[in-house]
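Work through the exercises below with the model open. Try each task before reading its solution.

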Amino acid sequence: NQPTSGKMAVKTDSSISLAGYEQYGTIIVTYNFTSGIGQNGVSYSAHGFPRTAYFPDCDDGNDVVDLIKVAFKRRLIFTIGDSVTTGAKNCAVWNDIHHKTSMRRGDTYGYPDPGYLARVRAELKSKGVE
């Protein structure tokens with residue numbers, strides 16, 4: 001149920017590192033959606049876009065980002081639903097595949113988080129991406 005208006009961009013930045021992965025650069029994944037009409041004919045909004053997520057630029061991080069790309073192409077990363085954050089109805093929201101959206105050390109949505117990449121792999125596998 002991911003909107004078809006979505007775009008995903010991936011770039012790397014070797015000058016930025018994530019807590020717990022200081023010896024590596026960072027993969028930056030940016031998602032952008034525009035408001036529109038969903039496949040069911042109901043309008044949806046796209047608040048808070050673009051959204052950016054961060055992954056370590058190491059072998060495991062690159063493998064996970066490759067899987068994220070597959071999931072995005074299969075339209076599994078976002079869905080239309082109600083926002084837990086804002087309470088808005090019928091909007092593009094995350095679809096149970098967690099992303100680290102902060103680079104701040106110790107932030108809930110940031111690093112370090114030693115089990116993060118393994119958890120994302122499990123979430124992707126549960127949606128048929130492995």
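**Before you start**

Pro112 lies in the loop between strand S7 (91-94) and H2. Helices (H or I, at least four residues) and strands (E, at least two) are DSSP runs, numbered from the N terminus. The model is predicted: local features need pLDDT of at least 70, side-chain atom pairs count only at pLDDT 80 or more, and totals for chains, interfaces and linings use all residues. Residues are numbered from 1 along each chain as its sequence is written, and side-chain values use heavy atoms, with hydrogens and water left out.

**Exercise 1. Cis peptide bonds**

Task: Which residues does a cis peptide bond join, and what is omega?

Solution. Start from Pro112. Tyr111 and Pro112 are joined by a cis peptide bond, with omega about 5°. Next, go to the loop between strand S4 (43-44) and S5, where Pro50 is found. A cis peptide bond links Phe49 and Pro50, and omega is about 5° there.

**Exercise 2. The open sheet**

Task: In what order do the 3 strands of the open sheet stand, and which of them are at the edges?

Solution. Take the pairing rule first: two strands pair if DSSP finds at least two bridges between them. Strands of a sheet pair through backbone hydrogen bonds, either parallel or antiparallel. Here the order is S1-S2-S5, and the pairing is antiparallel. Strands S1 (7-13) and S5 (51-56) are at the edges; each has a single partner strand, so one side of each is left without a neighbour in the sheet. From one strand to the next, the twist averages 20°. Axes are lines fitted to C-alpha atoms, for helices over the stretch in contact, and angles run from 0 to 180 degrees between N-to-C directions.

Now check the pairs.

- S1 and S2 pair in the antiparallel sense over 7 bridges. Lys11 stands opposite Ile28 in S2.
- S2 (residues 26-32) and S5 run antiparallel and are joined by 6 bridges. Ile27 faces Phe55 in S5. Thr26 has Pro56 of S5 as its bridge partner.

Finally, look at burial. Buried means under 20% relative accessible area, exposed over 50%, partly exposed in between (1.4 Å probe, protein chains only). In S2, 5 of its 7 residues are buried, and the strand is mostly covered.

**Exercise 3. The two sides of H2**

Task: Which residues of helix H2 are buried, and which exposed residues does the face turned away carry?

Solution. Recall the geometry. An α-helix has 3.6 residues a turn, so residues three or four places apart point the same way. In H2 (residues 116-126), the buried residues are Tyr116, Leu117, Val120, Glu123 and Leu124. Seen down the axis of H2, they fall within an arc of 120°, so they line one face of the helix. The arc is that of the directions from the helix axis to the C-beta atoms. Ala118, Lys125 and Ser126 are exposed on the face turned away from the buried side. S5 and helix H1 (59-73) are among what covers the buried residues of H2. Contact means heavy atoms within 4.5 Å. Just after H2, Gly128 takes a positive phi of about 85°.

**Exercise 4. H1 against H2**

Task: At what angle do H1 and H2 pack, and how far apart are their axes?

Solution. Two packed helices are described by the angle between their axes and the distance between the axes. For H1 and H2, the angle is about 25° and the axes are 10 Å apart. That makes H1 roughly parallel to H2. Angles under 35 degrees count as roughly parallel, over 145 as roughly antiparallel, 65 to 115 as roughly perpendicular and the rest as oblique. Now name the residues. H1 makes the contact with Asp60, Gly61, Asp63, Val64, Leu67, Ile68 and Ala71, and H2 with Leu117, Val120, Arg121 and Leu124.

**Exercise 5. Positive phi outside glycine**

Task: Where do Arg75 and Asp96 lie? Is each of them exposed or partly exposed?

Solution. Arg75 lies in the loop between H1 and strand S6 (78-81). Its phi is positive, about 65°, although Arg75 is not a glycine. Arg75 is partly exposed, with a relative accessible area of 24%. Asp96 lies in the loop between S7 and H2. Asp96 is also a residue other than glycine, with a positive phi near 65°. At 57% relative accessibility, Asp96 counts as exposed.
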